[in-house]
Structures are given as structure tokens and as C-alpha cells.
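Please consider the structure shown below, together with its sequence. The explanation is arranged from the interface between chains to the arrangement of domains and then to a single residue.

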2 protein chains.
Amino acid sequence: MLYLIGLGLGDAQDITVKGLEAVRRCRRVYLEAYTSVLPVGKEALEEFYGRKLILADREEVEQEADSILKDADVSDVAFLVVGDPFGATTHSDLLLRATKLGISCRVIHNASIMSAVGCCGLQLYKFGETVSIVFWTDTWRPESFFDKVAKNRQNGMHTLCLLDIKVKEQSLENLMKGRKIYEPPRYMTVNQAAQQLLEVIRNRRARGEDPVVTEETLCVGLARVGAEDQKIAAGTLREMCSVDLGGPLHSLIITGGSLHPLEMEMLSLFPLPETSSGSQSTEGPHP
Amino acid sequence: MLYLIGLGLGDAQDITVKGLEAVRRCRRVYLEAYTSVLPVGKEALEEFYGRKLILADREEVEQEADSILKDADVSDVAFLVVGDPFGATTHSDLLLRATKLGISCRVIHNASIMSAVGCCGLQLYKFGETVSIVFWTDTWRPESFFDKVAKNRQNGMHTLCLLDIKVKEQSLENLMKGRKIYEPPRYMTVNQAAQQLLEVIRNRRARGEDPVVTEETLCVGLARVGAEDQKIAAGTLREMCSVDLGGPLHSLIITGGSLHPLEMEMLSLFPLPETSSGSQSTEGPHP
């Protein structure tokens, strides 16, 4: 049996009781480590689960899935995924490959960022298409996500923006030279996402357009949803450029315009932290 | 502290380890019993959690929330919700009321139907606005949900249809006479939802319209998602009228038109059960 097990979003104890029992029963336990991360490290999970975890990066899952699935027809193998196995990222590939090999599969669901963002008070049923915002480079600055956000907003729908993470990436030079040297992981912040959005807005105006999403559009920044130290802050897109939400992972919601009074009341629970709108000099020793 | 704890979707063991620890620590534990149900009963939950649960119906939560929140500023109270506390139904009301009373709140997330439906292979980011389909009566047959489904489909987005449940409802007669006698619970099946959709389509055609959702639109019926005996079947809307998915809860997805090849391949894992397209007579002693 192949178990696809969601770990939820916060820490080791966010696994379900059913998931934990499966992990402890399986012969091999893989941890998917390239589409999302928990605020706690692999060691914390291993200690709580009482099992050694095998890190599975994108290369392994996409090119060497057969080694993950080895003997899974006669013994139990677990594949752990942050959030839900069919949430922000789907692991259909692995499930289909297992099925073709005659291996039974079982999915153990958990909280996904796709639904947990409801905790900010915006109503989930009013979310339109989800978009991903990727790190721009000097030469690659795609803007297509903005059209989806704009379309959602025109339809009165909120947009959840999933922010890029770069784990185990090679520099172009190392890639071309075939050197398996990896860059440090990078996680896009709400600030970076908001700055890219503002640049698209400026580009659109320069082309004579009048974008429906502007500097003043109400947004919600979320960090480490589900963790003890989660942070949520509601403010304009401009304010999202400087709000300090702390460490990864971040997500950004662009609201759909007219909010239900209950949504407004919930968002009022999440004001911007004071330091984010003005000088940062009160915050620490490094003004 | 008020804990809002998601129970997930399958059975007692779908609670998270963190959630279970909170339940066992709380002085009073309420079970929200009017927006969703688990396939297992209250007794099974009580046995596994090792705690007595207090059933909270809509009336209590909306009108007597203060009794739920009593002393929650000095002791711990848990409010258990099937799925996630901010998923298909949000419990913003209770959280806001607690906050106004100076009570700290903590949300413990879990799988929601809003994200767990991803297990059928349709990509969650491609879902548009979620709709609710309510039981029609002789005199109340709202069609507005259909326009949302149509709009999603025109935009290439899938629609998750949440199907009505009626728990602790009074008949009009009993309501008018003030008799607290309640009807047996009713849970809308995929069949009933599909039949209502087909009636809307016929109505629209009678008005000279040409609906974008038709009898031949590809749909996915889901039952008891996350439970051991979950059933998923892909087929046309017409086929959804007769597919047998067993007991509650059911959900229906209306696809957005062009599917990704991986979505198609995943859906091929969920063919219609053979008995649903033709005679039911092979299935049991009651042809």
C-alpha cells in the first residue's frame, strides 16, 4: 500500500491520528521536500513520529519514483506531504504511477493552505482561480498571473496567491556545468509579491490601461498559517510592500472588492503591525 | 481559551494529534452538529476522544453562544467542527463574539471538503466560486446557483457544489404551532442535485436560452470523501442522476470544460459503477 499523507501546516503534531499510525506502520517513509515546508525541520518530525524520514526532492519523485514505490505492493510505504496531498500541489503523478504498477493507494487528508486561509475571515466559497507568483529574474518577468487576479476581482472573487519557493535550485552556471551544487532555499515574502504586483500595475498604466487592482486594493498577508506564531495582516497592496510578517511561508490574498460585513469585521481583528506603516527604527538595534 | 478544532472528514481518528490533546484538556467540549456530519456517530467520537460531547445545534450556537463561551476566559472550551472551522462553513460569528468577551481563540485546522475534493484529480487552483444546492420545495425552487456554475464553466473553472443537509428541521406546521418536533435528517444526494440541475437546464431552454452546462457536461460525484468507503465517480450530468454512491455526505463537481491531460487520467480511475448506467436489478434483492 502507498499512503499519501498530509502533514497539515504547523508542526509535527498537526498530523492526524490516522496519519501518525500509518507512518509508524510503514516500512519506508518519504518526506516531500520541494513544494512546501513546515516551520519545523525534518528532525522535529522524526523525533515526534519516531521514524527516520527519507527526503524526496523533485528529481527523485519525478525521475526515480520507481525506487519510492519499490515493494509497495507487498509492504507499506508512506509519502508525506506538507498540507494535503491534493491541495496546493497535487501528487497525481505518483498516484497514477502506483496504480499502473498495481499498488493500492490510500490518501490521508489534512489541512491545506487552500482552505486554511479561511481563518482570516474571508469566505472560501468566494475565492476564484488560485494563482502562483514566481520570483522574477532580470530576463523573465511573467505578468499573466495579474490577469487572473484582475478577472477574479472583476467577478467579485478573492484571489489566493501562492508564493514561490526555491529549494535545491542550481545556479545557471552550475546547471550548465553539471555541478550538483545548490543555492540556499528562498521563500517569497508578501513584500516581494506585493512589489511585483505594483510593478505590473505600473507597466499596465504605462500601456494606457486602467487596472482594476491598484495600490489601494485591500489585501491580506498571511504567514505560517496554522503555526503557533502565525501572523495575519490586512491592508492595502501598497502596505503589503513593507509589512513585516516574519519567516516563511507567506501567502497573499487580494480581495474581490465588496466584502460581507462579517468578512470586514473579521479582517478588523488583523490590523497592520504598527512598525510596518512607518519607520522600522523602533523595532530593534538596526534602524 | 476557546479552541475551534477541525475534525476532518472520515472518522474519529482524523482529528490531529494537536486537536486531540486540546479536546482532552478542555473543560467542556461541544460538537457542532448542524452544518455537516461525519460518517461515524457522536458515540464513536466520544469513545475515541475519551470525552463526553455536548451537541450544539444552530439555535444554541446562534442564540445561546454565551453559554458555550461561559468561563472560557479562565478555562479551556473546545468547539468541534466537521472538516475545518473555516472551510465550507465559517464560524466567524463565534470567534468574533469570543474576542469581544476578551477570550483568546485558537484554531486547529484540518482537512475541509473544500480542499479534499482535490483527491479526484481535478486541480484545486482551477475551481471557481463554490455553490450550495438546496433542497427545492413545491414553492421555492431557486435557480441562482446555476448562473454561478455557468459563469465558472465559461471561465474554464470547475465548480464544487455543496449539497444541502437538513438536520433538526421543523415542519412548517410544527414551526407555526411552536412544537419542538423535528423531522428526520435529510442529506441531498448527487442524484437529487443532478436532477435539479437538469430541471434548470430545461427551464432555461424553455426560455430560449442555450445553457453552457448541459446533460452531457462532465461531472464528478463524490461521497464520504476521506472515509474508508469513499466513492468517486466521473460521468455526465445525466449519468449523475442515477449513479449509486451510497450514504451521505455527497458533493458534486461540474467540470470547467477543457481538462488537463493529468486531470483526465485521474478521472479515468473513477469510472461509473456498472449498475448505475443501466438496470439496478443485478445489485440486490430489490430490483
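The paragraphs that follow describe a predicted model.

The contact between the two chains offers a starting point. On the side of chain B, 41 residues take part, and they meet 41 residues of chain A. Four helices of chain B each give two or more residues to the side that touches chain A: helix 1 (17-25), helix 5 (92-100), helix 6 (113-116) and helix 11 (261-267). In composition, this side of chain B comprises 18 polar, 17 nonpolar and 6 charged residues.

Attention now turns to the interior organisation of chain A. Its division is into domain 1, covering residues 2-111, and domain 2, covering residues 114-277. The centres of domain 1 and domain 2 of chain A, taken over C-alpha atoms, are separated by 27 Å. Where these domains of chain A meet, domain 1 contributes 14 residues and domain 2 contributes 13 residues to the contact. The side of domain 1 of chain A that touches domain 2 of chain A consists of 7 nonpolar, 4 polar and 3 charged residues.

A single position in chain B completes the description. P184(B) lies in the loop that runs between helix 8 (172-176) and strand 9 (186-187) of chain B. Is P184(B) buried or exposed? P184(B) counts as exposed because it has 8 C-beta neighbours inside 10 Å, and the cut-off for an exposed residue is 12 or fewer. From P184(B) to N203(B), the separation is 19 residues in sequence, while their C-alpha atoms are 31 Å apart in space.

How values were computed. Residues are numbered from 1 along each chain as its sequence is written. Chains are lettered from A and ligands numbered from 1 in the order in which they are written. This is a predicted model: local features need pLDDT of at least 70, side-chain atom pairs count only at pLDDT 80 or more; totals for chains, interfaces and linings use all residues. Two residues are in contact if their C-beta atoms, placed from the backbone, lie within 7 Å. Ala, Val, Leu, Ile, Met, Phe, Trp, Tyr, Cys and Pro count as nonpolar, Asp, Glu, Lys and Arg as charged, and the others, Gly among them, as polar. Domain bounds come from an automatic or database domain assignment. A residue is buried if 20 or more other C-beta atoms lie within 10 Å of its own, exposed if 12 or fewer, and partly exposed in between; C-beta atoms are placed from the backbone.
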